[in-house]
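Hi everyone, thanks for making time. I'll walk you through one structure today, so have a look at it while I talk.

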Amino acid sequence: MNEIIELTKIDYSYVFISIVTILLGVKIINSIFEWIIEKTGIETKWSLQKKEQESLLIKTSQALTELEKKHNNDMKRSDISDNELRSNIQNLTNLFIDKIIDDWRWEILDFASALSNGRIYNREAFDHIIKIYHKYEEVLKERGLENGLIDESMKFVMEKYREYLEKGVWK
C-alpha cells in the first residue's frame with residue numbers, strides 16, 4: 001500500500017518535462033548525426049536504402065511511361081484494325097445484298113420468261129414471285145437504287161395472275 005501512496009506523490013509535470021527533454025535530446029543527436037554524415041559523405045545503410053528506393057521509383061516511373069506509350073500505340077493499331085474490319089464487313093454486306101438482288105431479279109425474269117413460253121404455274125408460285133418482287137423493291141428503295149429491269153416482266157406476271165383468277169384456273 002505504501003507503494004501506491006508513493007506513486008500519488010510523484011510530480012507528473014516533472015515526468016512530462018523529463019520525457020520531452022529526452023525526446024528533444026534524441027532528435028538533436030539524430031540531427032547532428034545526419035549533419036555529420038551529410039558533410040563527410042559517409043554512406044549509411046539507411047542512406048543506401050533510400051537511394052535504392054529512389055532509383056527503383058525512377059525505374060518504375062520510366063517503365064510505366066513506356067508501357068503507357070506501348071498501350072497507346074496498341075490502341076491506335078486496334079482502332080485501325082477495327083476500322084478495316086468494319087470496312088470489310090460493309091463490303092461483304094454490300095456484296096451479299098447485291099447477290100440477293102441479282103438472284104431475286106433472275107428468279108422473277110426466269111418466272112416471267114417461262115410463263116410467256118406457256119408454262120403453267122400454281123397459285124403458290126405466283127404468290128412466291130409477288131412476295132419476292134415486293135422484297136426486291138423494298139431492298140432497292142432502302143439502298144437508293146432504281147428498278148427499271150423487271151417492271152415489264154412483273155406487269156406480264158400480274159396480267160397472267162389476274163387472267164388465271166378470272167378463268168378460275170386455280171379452284
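Let me start with a bit of vocabulary: we call a residue buried under 20% relative accessible area, exposed over 50%, and partly exposed in between. Keep in mind that what you're seeing is a predicted model.

With those cut-offs, Glu 163 comes out as partly exposed, because its relative accessible area is 28%. Its partner in a salt bridge is Lys 167, with the closest N and O atoms 3.3 Å apart. Lys 167 is exposed, at 61% relative accessibility. Both residues sit in helix α5, four residues apart, so about one turn of the helix. And there's a network here: salt bridges link Lys 160, Glu 163 and Lys 167.

How many salt bridges are there in the whole structure? A search finds six. Another one joins the side chains of Asp 102 and Arg 105, at 2.9 Å from N to O. These two are in helix α3, and they're separated by about one helical turn because they are three residues apart. Asp 102 is partly exposed at 43%, while Arg 105 is buried at 18%.

Arg 105 also turns up where α3 meets α4, among residues including Trp 104 and Phe 111 on the α3 side and Tyr 133 and Tyr 136 on the α4 side. The two helix axes come within 10 Å and cross at roughly 145°, and the crossing is left-handed.

Last stop, the surface: there's a nonpolar patch with about 810 Å² of accessible area together, and Val 20, Trp 35 and Ile 36 are among its members. Val 20 lies in helix α2 and is partly exposed, at 34%.

Conventions:
Residues are numbered from 1 along each chain as its sequence is written. This is a predicted model: local features need pLDDT of at least 70, side-chain atom pairs count only at pLDDT 80 or more; totals for chains, interfaces and linings use all residues. Side-chain values use heavy atoms; hydrogens and water are left out. Patches are made of residues with over 30% relative accessible area and no salt bridge: like charges are joined within 9 Å, nonpolar side chains (Val, Leu, Ile, Met, Phe, Trp, Tyr) within 5 Å. Accessible areas come from the Shrake-Rupley method with a 1.4 Å probe; for residues, only the protein chains shown count as cover. A salt bridge is a side-chain nitrogen of Lys or Arg within 4 Å of a carboxyl oxygen of Asp or Glu. Buried means under 20% relative accessible area, exposed over 50%, partly exposed in between (1.4 Å probe, protein chains only). Axes are lines fitted to C-alpha atoms, for helices over the stretch in contact, and angles run from 0 to 180 degrees between N-to-C directions. A crossing is left-handed if the near helix is turned anticlockwise from the far one by less than a right angle, and right-handed if clockwise. Contact means heavy atoms within 4.5 Å.
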